[in-house]
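Me: I am new to this structure. Please take me closely through one part of it, the small open sheet and the spaces around it.

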Amino acid sequence: MYKTTRRYGLQSTLFALDPWTISKANIQTRCPDAARPEALASLEQAQDFYKVATSAGIMASRPLLLYYCFMNLAKAFSLTVQQRATFNQAQHGLAERIGPGGRELVDAYLQAFKSPNRRTGDLNLFDEFLQAISSRALAADIDFHLTNLLPQILPGHRLWAEATSSQERFIALNDIRLNEDGGDQQIWLTVELFADDLTRLGVTHTRLLGESLLAGDFREVQCAIKIKGRKLIRFEQIRPRSYTHRPSDEVPHLVADIKPFLWTTVASIPPFRRYYVYLSPVAEHPQILPQLLSIFAIMYYLGSITRYRPHHFDSIIASALGPRIEEFISGQPLQFIYLMASEFAEQEVTKPSIV
């Protein structure tokens, strides 16, 4: 939704061959005057790092460049949404460590630190970015294990499942519907998915609600619809939102309710966006990050490896998870750039399907 001086209106999908121009235009219009020069400079650096990384012929040279691209994008976005007025005194807010097994990637974890730093007062960028994207901060310093972050990456997820002999964790949604009761002046959401996707993975309806973090907010309701012979399952939001004058006034809040539980792929063909829920064992729920933050964290780890211990990067690529990491480095950055452009614009941004 977009907001005028009086009311909200419905956004349409924005098609852009160059997502950087969308981010720049929104910095120029949304970012406070005092922070705008820093935000624009950060965006310019992010774009330069991206160009160099994607033109690099050697895979091992890309992760560090891509992390600095992501880092500068995070700064520009946080400044634009007024999370902070400046990042003059800032640090990564992450540190990579190796657990007792001593193996890169499978025994590695990231220490994430609350912002600001308790001792120096410097801002910790990871926590600042988390707050800018999700409006929630780290409750305390926390360790994120790479083995818990890797399955959260949507593109190439089946490579992770095959390499680790694990069950797939993403379930595609067929539709997300906004519903209104004009008499009671209430709106709510329903989500629909195909029953055979759950059958294929042996996932019960109760397990889907619990592992996707939708339990307590959604319940199953009857659905007699079939699409090309495939039965749909429908889950309905338990607590509707009330509105006073227009339902559109509450739609942004309704979307914000479900956004943390959805993963997205950006495509250049209709429907241009595909939404998924992520099923995670309950024990791993504290390790779940918003989609953009898990991408950011993994790229930080890979960038740190290629900077300080480049010989270990070769062993990672040679491991069973190597194809997953190569897919992540090659395919994920452009998704990140388009998803960030959507955050800047508060609008779905995608690449046009032009031959």
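Reply: A pocket here is an open set of grid points, on a 1 Å grid over the protein atoms alone, with protein on both sides within 12 Å along at least five of seven lines. By that rule, the second largest pocket has a volume of about 200 Å³. One caution comes before the rest: this is a predicted model.

Start with the lining of that pocket. Its residues are Leu154, His157, Arg158, Glu168, Phe170, Ile171, Ala172, Asp197, Arg200, Arg274 and Tyr276. Four elements give two or more residues to this lining: helix 6 (157–164), strand 9, helix 7 (195–201) and strand 17. Strand 9 gives the most, with 3 residues. By class, the lining has 5 nonpolar, 1 polar and 5 charged residues.

Strand 9 and strand 17 lead to the sheet. This is an open sheet of 3 strands. The order is 9-17-16, and the pairing is antiparallel. Strand 9 (170–172) and strand 16 (263–266) are the edge strands, and each pairs on one side only. From one strand to the next, the twist averages 35°.

Now take strand 16 and strand 17. Strand 17 covers residues 273–278, and its antiparallel pairing with strand 16 runs over 4 bridges. Within this part, Val266 stands opposite Arg273 of strand 17. A helix crosses here too. Helix 12 (residues 322–345) lies across both strand 16 and strand 17. Its direction is at about 110° to strand 16.

Next comes Arg169. It sits in the loop between helix 6 and strand 9. Is Arg169 buried or exposed? Its relative accessibility is 12%, so Arg169 counts as buried; the cut-off for buried is under 20%. What does Arg169 touch, leaving out residues up to four places away in sequence? The contacts are Pro151, His157, Trp160, Val277, Tyr278, Leu279, Ser280, Pro281 and Glu284. Take Tyr278 from that list. Arg169 and Tyr278 are 109 residues apart in sequence, yet 5.6 Å apart in space, C-alpha to C-alpha.

Tyr278 also belongs to the lining of the largest cavity. The other lining residues there are Glu211, Ser212, Leu213, Pro260, Phe261, Trp263 and Ile288. This cavity holds about 30 Å³ of space. The count of cavities of 30 Å³ or more comes to 1. By class, the cavity lining has 6 nonpolar, 1 polar and 1 charged residues.

The last space is the largest pocket, with about 1900 Å³. Its lining has 46 residues, and those nearest its centre are Val255, Lys259, Tyr275, Glu343 and Glu348. Strand 16, strand 17 and helix 12 are among the elements that give two or more residues to this lining. Others include strand 1 (2–3), helix 4 (125–134), strand 10 (175–181) and helix 10 (291–308). The largest share, 5 residues, comes from helix 9. The classes here are 25 nonpolar, 11 polar and 10 charged residues.

To put the part together, follow strand 17. It lies between strand 9 and strand 16 in the sheet order. It gives two or more residues to the lining of the second largest pocket, and likewise to that of the largest pocket.

Notes
Residues are numbered from 1 along each chain as its sequence is written. This is a predicted model: local features need pLDDT of at least 70, side-chain atom pairs count only at pLDDT 80 or more; totals for chains, interfaces and linings use all residues. Side-chain values use heavy atoms; hydrogens and water are left out. Two strands pair if DSSP finds at least two bridges between them. Axes are lines fitted to C-alpha atoms, for helices over the stretch in contact, and angles run from 0 to 180 degrees between N-to-C directions. Contact means heavy atoms within 4.5 Å. On a 1 Å grid over the protein atoms alone, a cavity is a set of points where a 1.4 Å probe fits but cannot get out, and a pocket is an open set with protein on both sides within 12 Å along at least five of seven lines; lining residues have an atom within 4 Å of a point. Grid points are joined across faces, edges and corners, and a volume is the space filled by probe spheres set on the points. Ala, Val, Leu, Ile, Met, Phe, Trp, Tyr, Cys and Pro count as nonpolar, Asp, Glu, Lys and Arg as charged, and the others, Gly among them, as polar. Buried means under 20% relative accessible area, exposed over 50%, partly exposed in between (1.4 Å probe, protein chains only).
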